[in-house]
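Open the model in your viewer, set the display to a cartoon, and keep the sequence panel visible beside it. We will go from one selection to the next, and at each stop you will be told what to look for.

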Amino acid sequence: MSHLELIKIGVRGHLASVARQSQCSRRMFALASLLATGCIVPDAPEYGSPSETPIFVRQATISPDPRSIYHLTNAPGNVLQVSFQVQSEDLSYDGIVSAIYVDYKHQNGHIIEHNGPLTPYTFDQLRTISWRINLPALQLGQPNDPPSCHIITVIVLHQKGWDAMNSEQIGSPTDLAAVSWIADVNDPDGLVPLSSCPDISTTNDTVQ
């Protein structure tokens, strides 16, 4: 991309390998950014019945690297592929749901697909969240369309916060975790300025 500019991003919430920052302080990155919602990983309960926890993302497992631009050509034969590991204490009746979005919380943003509820896990069991989307995908632009920039976001939350009928989250679930990537689409020559990308910091609104 040309004309790189600093963009505001958020790190708040359930990110396993970083300390919680007061009021979810924002950092500046020149290329790309990661959004994770939640808080520091707590110790597992030692006594009594387990209590449900938020979803925690293992930062080191995120692929591709969210600090880099994700270059995509939205043409048949290509794939959009992202993955990371999470951990949580789930109640027996409240498994987790994962969903992948284009331009989450932005005008014309939409869900691509969702998956779950998945089998409930205990906190010490790592779970891989993986999405492989065959291209072309809706609203990413056809191969002959002008280059564009989008935000790809994966959210993970417990099923009680998910409206299965309408394929959408219910309000702002406090247990929700999310990871976002900046995607440069149909832009082999790197012509799209970063300033044209949707504001990735708006996805901070997932947790109040």
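Is R127 buried or exposed? With a relative accessibility of 7%, R127 counts as buried, where buried means under 20% relative accessible area, exposed means over 50%, and partly exposed lies in between, all with a 1.4 Å probe and protein chains only.

Before going further, note that this is a predicted model, in which local features need pLDDT of at least 70 and side-chain atom pairs count only at pLDDT 80 or more, while totals for chains, interfaces and linings use all residues. Residues are numbered from 1 along each chain as its sequence is written, and side-chain values use heavy atoms, with hydrogens and water left out.

**Stop 1: around R127**

Keep R127 selected and find it in strand 8; strands here are DSSP runs of E with at least two residues, and helices are runs of H or I with at least four residues, numbered from the N terminus. Now add D90, whose side chain makes a polar contact with the side chain of R127 at 3.2 Å. A polar contact is a pair of N or O atoms within 3.5 Å, and within protein one atom must be able to donate a hydrogen and the other to accept it, while residues adjacent in sequence count only if both atoms are side-chain atoms. Leaving aside neighbours within four places in sequence, R127 is also in contact with other residues, among them F84, Q85, L118 and Y121, contact meaning heavy atoms within 4.5 Å.

**Stop 2: the sheet of three strands**

Next, select strand 3, strand 5 and strand 8, which form an open sheet in the order 3-5-8 with antiparallel pairing; two strands pair if DSSP finds at least two bridges between them. Strand 3 (56-63) and strand 8 (127-134) are at the edges with a single partner strand each, so one side of each has no neighbour in the sheet. Neighbouring strands of this sheet are turned by 25 degrees against each other on average, with direction ignored; the axes behind such angles are lines fitted to C-alpha atoms, for helices over the stretch in contact, and angles run from 0 to 180 degrees between N-to-C directions. Follow strand 5 (residues 79-87) alongside strand 8, since the two pair in the antiparallel sense over eight bridges. To find one such place, select S83, whose bridge partner in strand 8 is S130.

**Stop 3: the sheet of five strands**

Turn to the other open sheet, where five strands stand in the order 4-12-9-6-7 with mixed pairing. Here strand 4 and strand 7 are at the edges, each with a single partner strand, so one side of each is left without a neighbour in the sheet. Within this sheet, strand 9 and strand 12 run antiparallel and are joined by nine bridges, and you can select H150 to see that it stands opposite A183 in strand 12. Then move along strand 9 to T153, which is buried at a relative accessible area of 0% and whose side chain makes a polar contact of 2.7 Å with the side chain of S180.

**Stop 4: the nonpolar core**

Nonpolar side chains in soluble globular proteins tend to be buried together. A nonpolar core is a set of buried Ala, Val, Leu, Ile, Met, Phe, Trp, Tyr and Cys residues joined through side-chain atoms within 4.5 Å. In the largest core, which has 26 residues, those that touch the most other members are L80, V82, F84, I100, I129, V154 and W181. Strand 12 gives the most to this core, with five residues. Centre the view on F84, which touches residues including V57, I129, V154 and W181.

**Stop 5: two aromatic pairs**

Finally, show the rings, of which two pairs are counted; rings of Phe, Tyr and Trp (its six-membered ring) pair if their centres lie within 6.5 Å, with planes under 30 degrees apart counted as stacked, over 60 as edge-to-face and the rest as tilted. F56 and F123 form an edge-to-face pair, 5.8 Å centre to centre and with 80 degrees between the planes. F56 is buried at 1% relative accessible area, and F123 is buried at 7%. The rings of Y101 and Y104 have centres 4.8 Å apart and planes at 55 degrees, so this pair is tilted.
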